[in-house]
Amino acid sequence: MANNGRVKVGIIGSQFQADIHAASFQIMPDEAEVAAVASPSPGNAAAFGKRFGIPRVFTDYREMLKEKDIEMVTIAAPNSLHGQMTKDIAAAGKHIVCEKPLAMTIAEGEEMIAVAKQHGVLLMYGEELLFTPKFLKAKEMADAGAFGKIHLVKQSEKHFGPHSDWFWDVNRSGGGALMDLGCHGIAFCYWFLGRSPITSVYCQLGTYVHGNKTQGEDDSLCILEFANGAVGLIENSWARRGGMDDRIEIFGSEGVTYANLHMGNSLPTYSEKGYGYAVEKAPTTTGWTYPVFEELWNYGTPQELTHFARCVRGKEIPKITGEDGLVVMQALLAGYASAGEGRKIKMPFQPPAVKRPIDLWLNGPARKSETK
């Protein structure tokens, strides 16, 4: 493979997250270019390629992997497919960007990491909160001592439900709001606190609004304890009306900071008639809304993918890897077990063998007693 010029990228997927990947590479095109896309849905790859000017389209990602000039592949596919896709990409000798969460089980995540090392390719974990400008500023201040000794980190992401139907199917997603959104909060707290080991996990889960659509939880509360004495509090919901809400709060002995991902980047707007697009997950643009400018830049995805492309060229060292994704997976499964057993789970945690993380909640004694 070439070791100069822009990194040639292939995208697996053609829906919401794949859109974000393609648009992000266009925002920051100096390091990488999307050369191909693969999607099994009839017509989706062709339409996606036309929309973003991608020259090669495939209905089978394994055919795309035969393209010798493609150096990095991003996975924007359902969670249940991450493991096999990663193994296939690694076997083809191409670097991997796997969207969150890393896998469906810890064993699967460990296999993904091992196969990437076996084939000498990078396995990079898609977590844009580590690249979000506003959150990066908060960490810069924290690392400079602005807040003294930090004892509490809060991260919250809430909206009224996912953008693709497969999220509702726990056989494809592995779980609900905790699996979909909690992985962000776990990764953020772990990173913000300098990767201090997680010592315990306690979660409460519930399905309050979308029980007709999913077995999964649509609301979750998660408390993490860290070896350095700090606590992480993660709130996630698919049951919040009004569009996306995404924020952090940092509390220390010498100070505090609050960062709302959208409010500081938006234009408070009132419209009787409505308009085109406001922000991710916003269901309407009539009345009071908060349209966001430079949305993808504010999320950090262009910066994240550019960083990964630079890693492929050896210009940078990955800031977040499969190993980080595995830490998140371990905490996610401990969270589902905690909700299922109604108790705090000590880490490290070795769960019983399950195909879906949510089974640790659905089949747990605490859950069964609630549903009697």
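## Helix 1

Helix 1 covers residues 16–27, and its 12 residues should span 16 Å at 1.5 Å a residue; the C-alpha atoms at its ends lie 17 Å apart, so expectation and model agree. The model described here is a predicted one.

Several positions of helix 1 are buried: Gln17, Ala18, Ile20, His21, Ala22, Ala23, Ser24 and Phe25.

## The open sheet

An open sheet is built from 7 strands, arranged in the order 12-11-7-10-9-8-15, with mixed pairing. Its edges are formed by strand 12 (255–260) and strand 15 (345–346), each of which pairs on one side only. Strands of a sheet pair through backbone hydrogen bonds, in either a parallel or an antiparallel manner.

Within this order, strand 7 (residues 150–158) and strand 10 (residues 231–237) run parallel and are joined by 7 bridges. Glu157 has Asn236 of strand 10 as its bridge partner.

## Aromatic pairs and charges over rings

The structure contains 10 aromatic pairs. One of them joins Trp166 and Phe167: their ring centres are 3.8 Å apart and their planes differ by 20 degrees, an arrangement classed as stacked. The angle lies under 30 degrees, which is why the pair falls in the stacked class. Both partners are buried: Trp166 has a relative accessible area of 13%, and Phe167 has a relative accessibility of 7%. Each value is under the 20% limit, and therefore each residue counts as buried.

Phe135, Phe188, Trp191 and Phe192 make up one aromatic cluster. Lys139 is placed against two members of this cluster. Its charged end sits over the ring of Trp191, at 5.4 Å from the centre of that ring. Lys139 also lies over the face of Phe192, where the distance to the ring centre is 5.7 Å.

## Val170 and its surroundings

Val170 belongs to helix 7 (residues 170–173). With a relative accessibility of 3%, Val170 counts as buried because this value is under 20%.

When neighbours within four places in sequence are left aside, the contacts of Val170 are Met104, Gly175, Thr214, Gln215, Gly216, Arg356 and Ile358. Pro55, by contrast, is 115 residues from Val170 in sequence, and the two C-alpha atoms are 34 Å apart in space.

## Cysteines

The structure holds 0 disulfides. Cys183 takes part in none, and the nearest cysteine sulfur, belonging to Cys98, is 11 Å away. Cys183 is buried, at 0% relative accessibility.

Cys203 is likewise in no disulfide, although the sulfur of Cys222, the nearest cysteine sulfur, is 3.2 Å away. A disulfide requires the sulfur atoms to be within 2.5 Å, so the 3.2 Å separation of Cys203 and Cys222 does not qualify. Cys203 is buried, with a relative accessible area of 2%.

## Cis peptide bonds

The peptide bond from Lys100 to Pro101 is cis, and its omega is near -20 degrees. Pro101 is located in the loop between strand 5 (95–99) and helix 5 (106–118).

A cis peptide bond also joins Met347 and Pro348, with omega about 0 degrees. Pro348 is placed in the loop between strand 15 and helix 12 (359–362). Strand 15 (345–346) is also an edge strand of the open sheet described above.

## Positive phi outside glycine

Arg195 is not a glycine, yet its phi is positive, at about 60 degrees. The residue lies in the loop that connects helix 8 (177–192) with strand 8 (198–206). At 32% relative accessibility, Arg195 counts as partly exposed, because the value falls between the 20% and 50% limits.

Glu294 likewise has a positive phi, of about 50 degrees, without being a glycine. Its position is in the loop between strand 14 (287–289) and helix 9 (295–299). Glu294 has a relative accessible area of 54%, which is over 50%, and the residue is therefore exposed.

Definitions and conventions:
Residues are numbered from 1 along each chain as its sequence is written. This is a predicted model: local features need pLDDT of at least 70, side-chain atom pairs count only at pLDDT 80 or more; totals for chains, interfaces and linings use all residues. Side-chain values use heavy atoms; hydrogens and water are left out. Helices (H or I, at least four residues) and strands (E, at least two) are DSSP runs, numbered from the N terminus. The expected span of a helix is 1.5 Å times one less than its number of residues. Buried means under 20% relative accessible area, exposed over 50%, partly exposed in between (1.4 Å probe, protein chains only). Rings of Phe, Tyr and Trp (its six-membered ring) pair if their centres lie within 6.5 Å; planes under 30 degrees apart count as stacked, over 60 as edge-to-face and the rest as tilted. A charge sits over a ring if NZ of Lys or CZ of Arg is within 6 Å of the ring centre and within 35 degrees of the ring normal. Contact means heavy atoms within 4.5 Å. Two strands pair if DSSP finds at least two bridges between them.
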